[in-house]
Amino acid sequence: MTQYDYAICNPLHGAVALFNDDMAAALCSAVNDWIARELLDREPRLRASILVAGQSPELAAREIERIAPDRRFVQVLLLAMGETPLGRRAHWPIYAAAEKHELAIGIHAGSTYRVAPTYSGWTSYRVEDYAAQSAAVETQVFS
């Protein structure tokens with residue numbers, strides 16, 4: 001049997017899908033503060049991902065800089081299906097901030113659902129969405 005010392009909380013919140021970058025960043029900051037106060041402060045075995053709105057890399061990097069001194073946050077959470085592939089140069093400020101603070105990048109199989117997740121349009125069933133996520137992760141690896 002394997003014993004684990006820590007668990008990582010990956011907060012999923014609709015803030016990452018908002019069209020208003022400033023509102024998305026403000027809500028991500030609020031979620032990060034809530035995670036620290038309500039979960040990390042209460043349970044020493046928990047760690048967390050920093051929630052950022054990846055559509056605004058500058059604001060995301062600012063949030064990483066704000067939260068990173070709290071070493072209970074161990075990675076930055078991004079979605080597999082965003083507006084652009086994560087390998088694009090526009091996302092580099094996020095990676096630079098994460099690297100500066102020795103944070104991993106966690107890619108969650110999820111989407112902002114601003115565009116249909118498959119070439120044939122919107123999925124009808126959850127299993128179809130799960131299958132589409134594998135192609136999304138493949139896209140991120142190739143990007």
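I'll talk you through the strands, one helix and the nonpolar core of this predicted model.

Quick housekeeping. Numbering starts at 1 along each chain as its sequence is written, and side-chain values use heavy atoms, with hydrogens and water left out. As the model is predicted, local features need pLDDT of at least 70 and side-chain atom pairs count only at pLDDT 80 or more, while totals for chains, interfaces and linings use all residues.

Okay, strands. When I say helix or strand, I mean DSSP runs numbered from the N terminus: H or I of at least four residues for helices, E of at least two for strands. Look at β3, residues 73-81. On one side, β3 runs parallel to β4, residues 104-111, with six bridges joining them; pairing here means at least two DSSP bridges. Gln-75 has Ala-104 in β4 as its bridge partner. β3 also pairs with β2, again parallel, over four bridges, and there Ala-48 sits opposite Phe-73. To get from β2 to β3, the chain goes through α2, and that β-α-β crossover is right-handed. In other words, with the strands pointing away from you, the path from the first strand over the helix to the second goes clockwise. β3, α3 (residues 92-100) and β4 form a right-handed unit too.

How many of β3's nine residues are buried? Eight, so to speak of it as mostly covered is fair (buried is under 20% relative accessible area, with a 1.4 Å probe and protein chains only).

Now the core, meaning buried Ala, Val, Leu, Ile, Met, Phe, Trp, Tyr and Cys joined through side-chain atoms within 4.5 Å. The largest one has 30 residues, and Val-52, Ile-64, Phe-73, Val-76 and Leu-103 touch the most other members. α1, β2, α2, β3 and α3 each put in at least two residues, and α1 gives the most, six. Phe-73 is worth clicking on: beyond its neighbours within four places in sequence, its contacts (heavy atoms within 4.5 Å) include Asn-32, Ile-35, Ala-48 and Leu-103.

Last stop, α1, residues 21-40. Its buried residues, among them Cys-28, Val-31 and Ile-35, pack against β2, α2 and β3. Its 20 residues should span 28 Å at 1.5 Å a residue (that's 1.5 Å times one less than the residue count), and the end C-alpha atoms are 27 Å apart, which agrees.

Terms used: Buried < 20%, exposed > 50% of the residue type's maximum accessible area, 1.4 Å probe, protein only.
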